Amino acid sequence: MPKITIPEYGTFETQEGQRLVNAVEAHGIDIGHRCGGYAGCTTCRVEFIKGEPEVISQAEYDKLKTTKLLGKVRLACQILVENDMEFKPLMTVKEMGWPDPGPPAEETVTPIPDWIEFSPDDHSQED
């Protein structure tokens with residue numbers, strides 16, 4: 001089972017193939033997902049330390065490029081856990097003062113993903 005490490009929260013195991021936003025939330029971390037996990041709001045953004053996926057959904061790519069976040073953060077709602085990962089969630093309910101994280105995210109990535117290869121180093125200087 002893949003391990004997820006989140007500084008200040010610890011390390012836990014989760015099922016391979018689970019949607020990252022749901023894995024994080026299932027372990028008591030109040031990560032935002034104000035759009036319900038549709039790559040529409042960027043409130044589930046995470047900053048990877050290790051284990052960043054080498055694929056990205058077209059929806060995530062487009063949203064991060066439009067918001068000038070491409071190469072800086074990833075969206076937990078658009079990531080499947082397939083290996084060990086270490087990252088920091090950047091927007092939580094407590095930190096943002098929201099009444100809740102947002103509508104529940106479905107078990108599968110939404111919208112249906114069109115996966116493309118991705119290297120954050122190739123996109124770190126994009127504006």
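**Strand β6 and its surroundings**

Mentor: Let's start with Ile4, which stands opposite Met85 in β6. This is a predicted model, where local features need pLDDT of at least 70 and side-chain atom pairs count only at pLDDT 80 or more, while totals for chains, interfaces and linings use all residues. Residues are numbered from 1 along each chain as its sequence is written, and side-chain values use heavy atoms, with hydrogens and water left out.

Trainee: What makes β6 a strand, and why does it carry that number?

Mentor: Strands are DSSP runs of E with at least two residues, helices are runs of H or I with at least four, and both are numbered from the N terminus. Strand β6 covers residues 85-89 and has five residues, so it meets the strand minimum of at least two.

Trainee: Why are β1 and β6 said to pair?

Mentor: Two strands pair if DSSP finds at least two bridges between them. Strand β1 (residues 3-6) and β6 have two bridges, in the parallel sense, so they meet that cut-off. Thr5 has Glu86 as its bridge partner in β6.

Trainee: What about β3 and β6?

Mentor: Strand β3 (residues 45-50) and β6 share four bridges in the antiparallel sense, so they pair too. Phe48 stands opposite Phe87 there.

Trainee: Why is β6 called largely enclosed?

Mentor: Buried means under 20% relative accessible area, exposed over 50%, and partly exposed in between (1.4 Å probe, protein chains only). Four of the five residues of β6 are buried, so the rest of the structure largely encloses this strand.

Trainee: Which side chains of β1 are buried?

Mentor: Ile4 and Ile6 are, and they point to one face; Lys3 and Thr5 point to the other and are not buried.

Trainee: How do you know which class Thr92 belongs to, and where is it found?

Mentor: Thr92 lies in the loop between β6 and α3 (93-96). Its relative accessible area is 2%, which is under 20%, so Thr92 counts as buried.

Trainee: What is Thr92 in contact with?

Mentor: Contact means heavy atoms within 4.5 Å. Leaving aside neighbours within four places in sequence, Thr92 contacts Tyr9, Asp30, Ile31, Gly32 and Trp98.

Trainee: How many helices and strands does the protein chain have, and why is it called as compact as a globular protein of its length?

Mentor: It has four helices and seven strands. The radius of gyration, taken over C-alpha atoms, is set against the globule rule of 2.2 Å times the number of residues to the power 0.38. The protein chain comes out at 13 Å, close to the 14 Å that the rule gives for 127 residues, so it is as compact as a globular protein of that length.
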